[in-house]
Structures are given as C-alpha cells and as structure tokens.
Number of protein chains: 2
Amino acid sequence: MYIENINSPKDLKGLTIDQLNVLADEVREGVLNRVSEHGGHVGPNLGFTEATVALHYVFNAPEDKIVFDISHQSYPHKMLTGRKEGFLDVAKMDGISGYSSPLENPEYDNFEVGHTSTSVALASGLMKGRDVLGGHENVIAVIGDGSLSGGEAFEGLDTVGEIGTNAIIIFNDNEMSISENHGGIYRNLQELRETNGQAANNLFKAFGLDYIYVEEGNNVGKLVEAFQKVKDIDHPIVVHIHTEKGHGYAPAVENKEGWHYHMPFNREDGSLKNPGNGENMTALLGQWMAEQLKKDPKMVCIAAGTAPAFYFDKERREEAGKQFIDVGIAEEEGVAIASAMAKRGAHPVFSTFATFLQRTYDQLSQDLAVNGNPAVINVLGSSIYGMNDFTHICFFDIPMLSHIPNLVYLAPTTYEELIAMETWAIQQEQYSVAIRVPAYGCAHSLEEVDTDYSQLNKYKVAHRGEKVAVIAVGDFYQKGEAVVNALANDGIDATLINPRYLSGEDEALLNDLKKDHQLVATIEDGSLDGGFGERIARFYGPSDMKVINFGVKKQLYDRYDVNELLRENHLTEEQIVADIKAIL
Amino acid sequence: MYIENINSPKDLKGLTIDQLNVLADEVREGVLNRVSEHGGHVGPNLGFTEATVALHYVFNAPEDKIVFDISHQSYPHKMLTGRKEGFLDVAKMDGISGYSSPLENPEYDNFEVGHTSTSVALASGLMKGRDVLGGHENVIAVIGDGSLSGGEAFEGLDTVGEIGTNAIIIFNDNEMSISENHGGIYRNLQELRETNGQAANNLFKAFGLDYIYVEEGNNVGKLVEAFQKVKDIDHPIVVHIHTEKGHGYAPAVENKEGWHYHMPFNREDGSLKNPGNGENMTALLGQWMAEQLKKDPKMVCIAAGTAPAFYFDKERREEAGKQFIDVGIAEEEGVAIASAMAKRGAHPVFSTFATFLQRTYDQLSQDLAVNGNPAVINVLGSSIYGMNDFTHICFFDIPMLSHIPNLVYLAPTTYEELIAMETWAIQQEQYSVAIRVPAYGCAHSLEEVDTDYSQLNKYKVAHRGEKVAVIAVGDFYQKGEAVVNALANDGIDATLINPRYLSGEDEALLNDLKKDHQLVATIEDGSLDGGFGERIARFYGPSDMKVINFGVKKQLYDRYDVNELLRENHLTEEQIVADIKAIL
C-alpha cells in the first residue's frame with residue numbers, strides 16, 4: 001500500500017515506475033470505492049488514473065497549475081492531493097465534492113469547474129497572468145475528446161496558440177463523450193490515433209500548437225516519459241493520450257455510456273444498490289417524444305451530448321434515425337440548428353439541462369428569438385430538487401430566459417399539461433418556445449388541459465376566491481394548491497392561479513383581481529431575483545394590491561439539504577400560509 | 001449600366017463574365033454611395049462585391065439558401081435582390097437596414113443576423129431540415145476569417161462535417177477581423193494562402209470538410225468557375241476565397257481598421273461629413289485605461305475583436321504591449337481569460353458591448369462568478385441612446401447580468417464615479433465586478449465621489465426628502481435629478497438616490513424610507529422586465545409603500561426614434577413627474 005503515505009504530490013516523487021503502477025491501482029480502487037458507495041462519475045475517472053499519477057509525479061503542483069475540464073476526471077487528483085479519505089472512508093465521502101473546487105482545496109484545485117470545454121480557455125488566462133507577472137510555472141490543461149466539441153474549447157486553443165508561451169494541453173482521448181462522439185473533428189482524431197499521431201492533417205497543429213501522441217494512455221511509464229519531455233517547454237504543446245474510459249472495471253468498459261455517471265452500485269456485478277421507483281416527468285417526456293417522432297416525420301430531437309438526460313438511449317436514438325441528432329457538447333450549435341431547422345419547416349426540439357442552456361443565452365436571443373423561428377427548447381432540471389452541485393444549479397432559469405424579447409417561456413404544472421404544451425409548441429409556426437419541464441414530482445391533471453397556447457400570457461384561474469390570490473408556478477403549483485387548501489381551512493377563500501406563461505403578465509386578470517383582492521402571493525421553484533414573482537410585484541407596484549414573492553434567494557449553492565433550503569426561504573406550506581396571514 | 005435592370009438574381013443569368021464584371025463595379029459604386037451618405041460597413045462589403053455577383057450568377061436563390069455571417073458583407077446581396085434603391089437613392093436609404101433581415105426581405109434573407117460566427121451553425125440547421133423534409137437545394141454559408149474565431153463557428157463546422165450532406169461554406173478571407181486577426185488558426189490560414197490551398201495541414205479538413213482555394217477572390221470569372229464546380233455537391237465543402245477588404249476604394253484599402261465601419265464621409269478624400277464633437281464617456285475610459293496600464297504593471301486590457309469600441313487603436317495597443325490582448329471575436333474566451341488572469345494575480349479588464357456580452361452568460365456565471373475571481377468586465381453601450389439595430393440592442397444588460405449569483409454589477413452615474421469604480425474594481429481582490437459604462441451623455445460629478453465600493457449594495461442618498469423617493473440608475477441619474485427638481489417646483493421635497501449597485505438591495509435604506517415615504521419611483525435606461533426596478537417592487541411588495549418603475553418595455557426594437565421611444569415608455573421628465581403626481 002502506497003496510497004496510505006501519499007498526502008501530497010511530493011510524496012510521489014521518490015517512487016519507481018513499478019511503484020507508481022501499484023499506486024495507480026490503489027487510486028483506481030479508491031475511486032471505485034467512492035462511486036460504488038456514493039455514486040459519481042465512473043468511466044472518466046477510471047480512465048484518467050494513470051495519467052493523474054504520472055502528472056503529479058512529473059510536474060510540481062501546486063506551483064505548476066493543473067486545470068481540469070468539467071473535472072469529471074479529477075477524483076484521482078483529489079486522492080493524491082490530501083483528500084483520499086473522501087474515497088477510502090465511507091463516513092467522509094460527503095465532505096468531498098465531485099468536481100474541482102478551490103473552496104475544498106485552495107492549494108491544488110485552481111477553479112470551481114463543472115461545465116465542459118473551459119479548461120484550455122482558463123489555462124490561457126493562467127499563461128497570460130504568469131507572463132505579465134513574470135512567473136515560470138507550467139500551465140497544464142486537461143481536456144477530454146467529448147469536451148473538445150464545445151465552442152469555448154476551440155476559442156481557448158486559438159488563444160493559447162496566439163499567446164505562444166508554455167502551456168501543456170493533455171488531450172485525454174477515450175473515444176467517447178457521455179455518449180459516442182459526434183462531429184467532423186472526430187474523424188481527424190481517429191486518423192491521428194491510427195497513425196500514431198503522424199497524420200499530416202492535424203486539428204491541433206491547425207490551431208498553431210505543437211503536438212505529440214501517446215498511444216498507451218493507461219501506461220504510467222509511457223506517460224511519465226511523455227510528460228518529462230514537455231515539462232518546462234517554451235511554447236504550447238498538445239499531448240494526445242489515448243485512454244480507455246472505465247479502464248480496470250469491466251462493466252464500465254463494456255457499457256461506457258451507462259457508466260459515465262452511476263448511482264451507488266454493487267461492485268461484483270454493477271447492479272444498483274437502490275433501484276429507483278416512481279414516475280419521472282423527464283423519462284415520460286423522453287418516451288413521449290420517441291413515440292411522437294413516429295407520428296410526425298418533420299419532428300427532430302436534438303441533443304448536445306446529453307441525450308441520456310432526456311432518456312434517449314442508444315436504442316431510442318437508433319430508432320429515431322434521421323429524426324435525431326446529437327451535435328456533441330455544443331449547446332450554441334444546439335440552439336442554432338434548432339432555429340434553422342424550424343426556419344426550413346422541420347419541427348425541432350432541443351432538450352438540455354438549464355445549467356448548460358446558460359451557454360446559449362445569445363443564441364436563444366439572436367439565432368432563435370430575434371428570428372421568431374418556431375423551435376422548441378426543453379429546459380430540464382429547473383428545480384431546487386434537481387442537481388445540487390455548486391456548478392450544476394438549474395433554478396436560475398427564469399431570470400435567464402423569461403426576459404429575452406420574443407421568447408415564450410411556458411411552465412406546465414402536470415404531465416398532461418406538459419404534453420399539451422409540447423404538442424402545441426411543436427406544431428405551431430408562430431413563436432420560439434421554451435418549456436420548463438417539471439423537475440419535481442410527477443403530478444397529473446384530473447381535468448382536461450387546454451390544447452391551444454397561442455393566446456400568449458393568458459393565466460389559468462383554477463379557483464376564483466377573494467382577498468388573497470396565489471399564483472403558483474410550474475412544479476410548485478401543487479404547493480400553491482396545498483396553500484389554498486390550508487387557507488380554506490382557516491376560512492380564507494383564496495384564488496388559485498396557474499400562470500403557465502413565465503414571459504409575460506395577464507394584465508386583464510391581474511387588473512380584475514384588484515376588485516376583491518388585497519394580496520397576491522407568487523410561489524416559484526426558483527430564484528426570487530429576476531424571477532416570475534418580480535414581474536407581478538412590478539405590475540401591482542403603483543396600486544393598493546400587496547404582493548409577496550416566495551422563491552429562493554440569489555446566492556451560490558452547493559450540496560444543500562433541500563428541506564433546510566425550503567425552510568430558510570420560507571417555502572414550506574406552513575411558512576407560506578403564515579406569511580400570507582401575517583400580511584392580511 | 002446593368003444594375004438598373006437587376007431586380008432579382010434571375011436577371012443576372014444571361015450576362016457574360018465581362019458584363020458581370022461591369023455589374024460588380026456598379027454594385028461597388030452603389031455600396032459606396034450608401035455608406036458615404038448614410039454610414040455603414042465599408043470594407044467588408046467592398047471586398048465581397050465580386051463574390052456576391054458570382055454567387056447569385058451561379059446559384060439559384062431563393063431556392064438555394066445563402067446565410068451571411070454577421071451580415072456586414074450583405075449590401076451587394078441586397079442590391080441584387082430587389083433593394084438597390086436603398087443604395088442608389090438617398091431618400092430611400094433609411095428603408096434598408098445594415099443587416100440580413102427576413103423582415104425586410106423574406107424571400108432572399110434567411111435570418112436576422114448581426115452577431116458573428118453564426119452562419120455555419122445556422123446553415124447546419126437548413127441542411128438538417130432539408131434532409132429530413134427531402135429537399136435538394138444548396139445550402140451556402142458565408143463566413144469571414146475574423147468571425148471564424150468565435151466558438152459557435154467551430155461548433156457549426158463540426159456539425160456540418162458530421163451531417164455530411166450538401167453544404168457550401170464560402171470562407172471570405174480578407175486577412176482582417178475588425179482589427180488585425182488574433183489566434184493560432186491564422187497561421188494555418190496564412191499557410192493555406194501561401195501554398196495556394198495545398199498545405200498538408202488544413203484546419204477545415206481537420207473538421208471533416210472538403211476544401212478548395214481561390215486566390216483571386218475579387219475576380220468574378222475565377223469565382224464563377226469555383227462556384228460552378230461545387231454547386232449541387234453531395235457533401236460539405238469549404239471554398240476559401242482570398243479577398244481584399246475595402247477593394248476598390250483606396251482609403252478603405254489603406255486603413256482597413258478605420259474603414260471597417262464608417263460614418264458618412266466625402267468620397268473624394270474619405271473625410272467625415274459631420275465631424276463629431278463633445279465628450280464621450282467610453283473614449284475617456286479608453287484614454288484612462290491606457291494611462292492606467294503604465295501605472296499598474298499587473299493590469300491587462302482584454303478585447304474580443306472590438307478594441308476600437310473602447311478606443312484602443314493600433315497605437316494604444318502597441319504601447320500597451322504585453323498588457324493588452326485581443327482574443328479575436330471570442331467573447332467566451334474573453335471572460336475565461338479574464339477570470340484566470342485574476343486568479344493568477346493580474347488585474348484584467350475585459351470591455352465589450354452588452355449585446356456581444358450575451359455570448360458569455362455561462363462564462364460570467366461559471367468561469368468567473370462561481371469562482372469569485374476579481375476580474376473587471378466593462379459593459380459598453382447599454383442605453384436606449386446606443387446602437388439601435390435589431391440585433392445590436394444593448395439595453396437588456398440588467399436582466400442578463402444583475403441576477404447572476406456572486407457577480408457585482410455597478411452603475412456609475414458620472415465620469416468621476418466611473419473612474420472611482422474602475423479603480424476600486426481593478427485593485428480589489430474580493431469580487432467579480434461588471435461595470436455599466438454610461439453610454440448616454442458624459443456627466444461630471446461636482447462633489448467628491450466615494451473610492452471604496454467593498455460594502456456591497458450601499459445606495460447613495462443624494463438628497464433626503466420625504467413622501468417620494470426617486471432611485472435613478474446610472475446614466476439616467478441626471479434624469480432623476482431633473483425629476484426631483486421639477487417635483488420641488490411643485491412643492492414636493494422628493495428624495496434622490498443613486499443606487500450604484502444593480503445586483504442587490506440596500507435593505508436598511510429601503511426599510512428606512514418606509515418611515516416617511518409613500519412612493520418609490522425607479523428610473524433606468526433599460527428593460528423593465530427583469531430590470532433594477534422590479535427588485536425594488538419585490539422588496540416593497542408586502543408593505544404599504546407604492547412603487548412605480550420607469551424603463552423600457554420588453555420587445556424587439558429596430559432603428560427606433562429615441563424620442564418616440566422615450567414618450568411611448570413614459571420616460572420624459574414631464575411624464576415621469578406627471579405619473580408620480582398621479583399616484584400621490
């Protein structure tokens with residue numbers, strides 16, 4: 001056992017290559033221990049174990065700066081930089097995040113990272129900063145082949161090529177993104193692998209970068225040799241290493257997509273420790289879309305690297321044929337291709353998590369909404385019940401999307417309403433439409449839902465009472481319903497409204513409420529700042545109507561306890577009822 | 001004269017190459033006539049005149065679809081597609097926009113375009129739409145070498161390579177961006193030009209694309225020959241044409257940067273028809289930054305292709321040396337490099353127009369603010385008095401930036417306050433800071449301004465009155481002052497507040513106002529939806545305080561009359577005073 005004695009990269013320096021090989025196996029064992037108990041990214045970390053050992057053997061972190069891309073592959077790095085307990089000791093696993101984090105370790109982690117395609121761009125800033133301040137350290141960017149398809153990665157390569165001083169780009173080519181790779185560049189990468197890096201045409205050289213190739217990317221000795229060659233180099237170089245995703249754990253090698261990320265599992269056969277149950281709105285949506293493709297030959301489902309996020313597995317993708325396209329991890333392209341497909345008369349639907357849709361603000365505005373092309377964007381995961389990692393928070397979507405001119409943003413409250421909105425949005429030819437797919441629970445409508453949403457900003461009154469109106473958004477509609485029921489028990493006959501449209505006000509209805517209401521309460525599963533509630537507060541600002549907005553405070557969030565978050569933000573039903581009554 | 005008889009591309013079909021050459025000269029003359037009278041993009045359009053004539057001779061628009069990138073080069077296209085009067089007749093010039101626009105011409109313009117690097121991505125959607133629907137037209141994307149550095153362009157190339165069916169990418173290489181090009185790829189492009197397209201290493205081939213080279217990109221005959229070769233091709237191909245920016249007008253050839261865009265000028269010597277006068281806040285900021293670089297060796301100014309926007313001309317850039325970097329038209333990289341430079345201890349300042357900053361929403365959120373690195377972002381042009389083209393509206397910046405967690409967004413009201421905020425933001429090490437550079441007027445402070453802004457969200461009370469408080473944001477502060485003065489004349493002693501911070505509320509102050517105020521009015525030079533005013537409306541929602549927000553309605557805007565816009569949105573001083581008095 002060497003890992004026991006490794007508390008910082010300095011402790012690797014005296015080891016032989018054979019000992020480093022043993023250490024790599026121990027690190028792999030630690031990664032497997034963590035992900036099997038705790039869940040996490042499996043394949044990317046297993047494939048990058050040897051490279052991490054070699055990196056920390058050759059380079060001198062923290063003086064030399066290593067920047068991870070998306071940091072799906074940073075677990076081995078964490079184990080070698082003083083955080084091994086988070087892998088070896090079940091009790092300490094919660095203390096370690098799944099991503100690179102200076103908050104967790106300011107010495108060895110240079111950036112909080114959880115989105116792809118950023119490492120080379122960030123490295124360019126470390127280069128430029130070093131050069132201006134007169135430093136001499138190595139700047140090392142790690143990036144996978146899947147992440148390379150993102151625009152920011154190319155922009156970064158271009159700038160690194162321009163700056164021209166020391167930078168070492170470890171290009172970790174495991175021949176996979178989350179799913180298989182998609183894009184023209186992957187043919188060139190294949191050519192490079194097949195020619196042992198000798199192909200005359202070379203994407204990286206075209207960006208002005210030097211280049212070497214290492215076929216055995218899971219061989220510590222070969223990696224050490226390559227890294228020693230490029231250490232302290234005076235210009236940027238790409239070290240293209242060919243690795244195996246999931247290396248060392250058979251189930252992860254056999255099913256690379258399924259084992260990119262995994263929930264806690266039994267080591268012996270890879271079976272889930274806690275098989276899920278219950279309905280999931282996004283899974284139902286994926287199933288509906290797959291069926292709908294058969295009925296509507298104009299419809300095309302678009303993924304940007306994350307087809308599994310909307311349950312388009314390999315089988316479903318193959319069945320869809322021409323009616324499915326994965327543009328790789330390239331969200332900007334995802335929106336642009338959707339807009340132009342709609343322009344040409346097809347029925348495109350692009351689905352991705354809200355946190356990744358952040359990359360498309362300008363494309364949503366310019367390529368899509370300014371043009372008014374009738375494409376559909378499914379916004380996934382937007383809930384405080386969604387992913388809760390620092391870099392993966394999805395509940396700032398309403399501030400982001402609802403103020404973009406000419407973009408209609410819909411918030412269904414049930415599965416049936418979701419499907420009615422999807423059906424309308426896909427078939428209509430008038431509006432660019434984004435739909436906030438409910439990410440909390442899977443409610444169903446008891447009554448018929450409307451099928452036509454072309455009259456914009458028409459809110460739905462579920463119950464007309466008096467004095468208090470509750471406008472409850474999307475997957476917090478049921479919470480609004482519960483609040484109204486609780487108020488009824490206290491003798492208050494409150495009005496209940498499903499606003500449906502996040503991007504505008506129903507002025508007629510809101511004005512009408514002034515007659516016999518004193519207070520409007522808004523409830524949303526998202527940010528207060530720039531949220532739906534502020535829209536209502538502005539509307540009533542000059543009038544006698546009081547308004548109280550329930551939502552989440554603007555701040556950074558990381559691995560929070562959702563019940564605590566609810567209480568802190570006065571989002572439990574009891575708190576909402578109490579706050580409403582306090583105002584009356 | 002041939003142009004008189006050209007009302008659609010069909011009218012070109014019978015002409016000989018010699019006649020097409022004459023037509024190209026007539027088109028050039030039309031472009032010069034328009035830009036000299038009306039202002040507009042000069043160099044890009046002059047350089048693409050021959051190529052446009054050849055495109056419309058060989059291809060069959062509107063069946064074949066041409067997509068322009070940023071559409072700085074679409075004037076010749078407009079002249080050949082029924083809009084020549086907008087070039088030949090001074091009285092009709094206002095009827096034609098400076099950009100590709102289906103609203104203006106639904107037949108021949110496929111997209112509203114004004115941001116760079118989108119044409120190939122949009123073309124990929126036309127390809128995919130065509131393939132799914134069973135069409136057979138040519139899809140043609142035009143893109144310049146300057147635009148190629150943007151991430152979306154690379155994402156588009158990658159996807160076009162993947163789709164693999166007919167697409168013709170006209171790569172218009174005039175060896176210039178707005179300024180000179182920056183990035184590693186430009187060495188490869190030079191190599192391609194120098195080898196007549198024969199270099200073994202080829203950026204476009206690395207993206208999986210076929211490729212041909214045309215050295216004489218301003219020769220109609222050569223272009224016709226090349227385009228005929230690729231018409232109806234069954235796979236994607238890049239036609240790399242080497243053109244001269246400003247071709248045919250000596251001043252524009254000699255000073256390519258100065259003549260990228262130009263205000264109305266005298267044809268004979270290129271002198272301005274209406275030399276500007278008066279102070280300009282952004283020009284003063286550029287001058288201050290250039291001087292500041294000399295005092296602070298850690299400071300670095302960053303441009304993303306638009307250094308002229310903050311008055312960093314060639315001389316200033318050269319003087320700045322290592323302390324200036326232009327990352328090319330690559331705004332995502334601009335934010336990432338700024339963040340990482342700050343992490344490394346440098347003092348980076350990235351300046352660009354708000355409309356282009358839209359491309360960096362995720363980088364501002366993830367690469368910058370989640371990390372809290374102390375970089376400074378100067379947000380330019382955010383005013384209804386700024387650029388007023390459809391695709392260049394800059395006054396939706398507050399909804400975009402002020403709700404991003406952990407990003408401080410400041411709004412100075414005068415030059416002195418701007419410089420005080422810049423100085424503080426550049427030197428401090430605690431916050432990621434964006435600064436809304438006043439774009440309307442150039443007010444000066446009569447009193448000393450604060451120098452320390454580290455106590456976040458502390459609004460400044462300029463005058464403490466009662467009953468009404470006016471919170472006036474940034475360059476509309478002077479408007480607020482005028483409103484308060486007008487109210488004073490009516491016997492109302494209103495409070496005047498400069499909020500300074502757009503990203504948070506001064507709760508203590510706002511609570512204190514409740515004591516002796518009935519109404520708070522907010523005034524901002526920007527969008528109501530998601531704007532600063534809504535923040536105040538939400539704060540006071542549950543209380544007795546009334547709130548009225550003055551700002552601009554969310555909608556698409558194009559070449560509006562600013563005085564009309566003010567009136568329609570109740571933003572004249574008289575209207576604001578009247579609205580306030582109506583509520584009291």
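In what order do the five strands of the open sheet in chain B line up? Keep in mind as you look that this is a predicted model. Reading across the sheet, you meet β14, β16, β15, β17 and β18 of chain B, and the pairing is mixed. Now look at the two edges. β14 (460-463) and β18 (546-552) of chain B each have a single partner strand, so one side of each is left without a neighbour in the sheet. The sheet also twists as you go across it, by an average of 25° from one strand to the next.

Let's zoom in on one pair. Strand β17 of chain B, residues 517-527, runs parallel to β18(B), and six bridges join the two. If you'd like to find a particular bridge, start at B:Ser527: its partner in β18(B) is B:Val552. There's a helix to spot here too. Helix α23 of chain B, made of residues 573-583, lies across β15 (467-472), β17 and β18 of chain B. Compare directions and you'll find that α23 runs at about 160° to β18(B).

Now hop over to chain A. Here you'll find an open sheet of five strands, in the order β14-β16-β15-β17-β18, again with mixed pairing. Its edge strands are β14 (460-463) and β18 (546-552) of chain A, which pair on one side only. Ignoring direction, neighbouring strands in this sheet are turned by 25° against each other on average.

This time, try another pair of strands. In chain A, β15 (residues 467-472) and β16 (residues 495-498) run parallel and are joined by three bridges. One spot to check is A:Ile471, whose bridge partner in β16(A) is A:Ile497. A helix packs on this sheet as well: α21 of chain A, residues 532-540, touches β15, β17 (517-527) and β18 of chain A. The direction of α21 makes about 155° with that of β17(A).

So how are the two chains arranged? In general, two copies of a chain are related by a rotation about an axis and a shift along it. Here, a turn of 180° and a shift of 0.0 Å along the axis lay chain B on chain A, with an RMSD of 0.0 Å. That is the relation of a two-fold axis. The same surface serves both copies, with 100% of the contact residues of chain B recurring in chain A. And which residue of chain B comes closest to the rotation axis? That's B:Gly151, with its C-alpha at 1.7 Å.

Note on methods
Residues numbered from 1 in each chain as written. Chains lettered and ligands numbered in written order. Predicted model: local features only at pLDDT ≥ 70, side-chain atom pairs only at ≥ 80, totals over all residues. Heavy atoms only, no water. Pairing = 2+ DSSP bridges. Helix = DSSP H or I, 4+ residues; strand = E, 2+ residues; numbered from the N terminus. Axes fitted to C-alpha atoms, helices over the stretch in contact; angles between N-to-C directions. Contact = heavy atoms within 4.5 Å. Least-squares fit on C-alpha atoms with pLDDT ≥ 70 in both.
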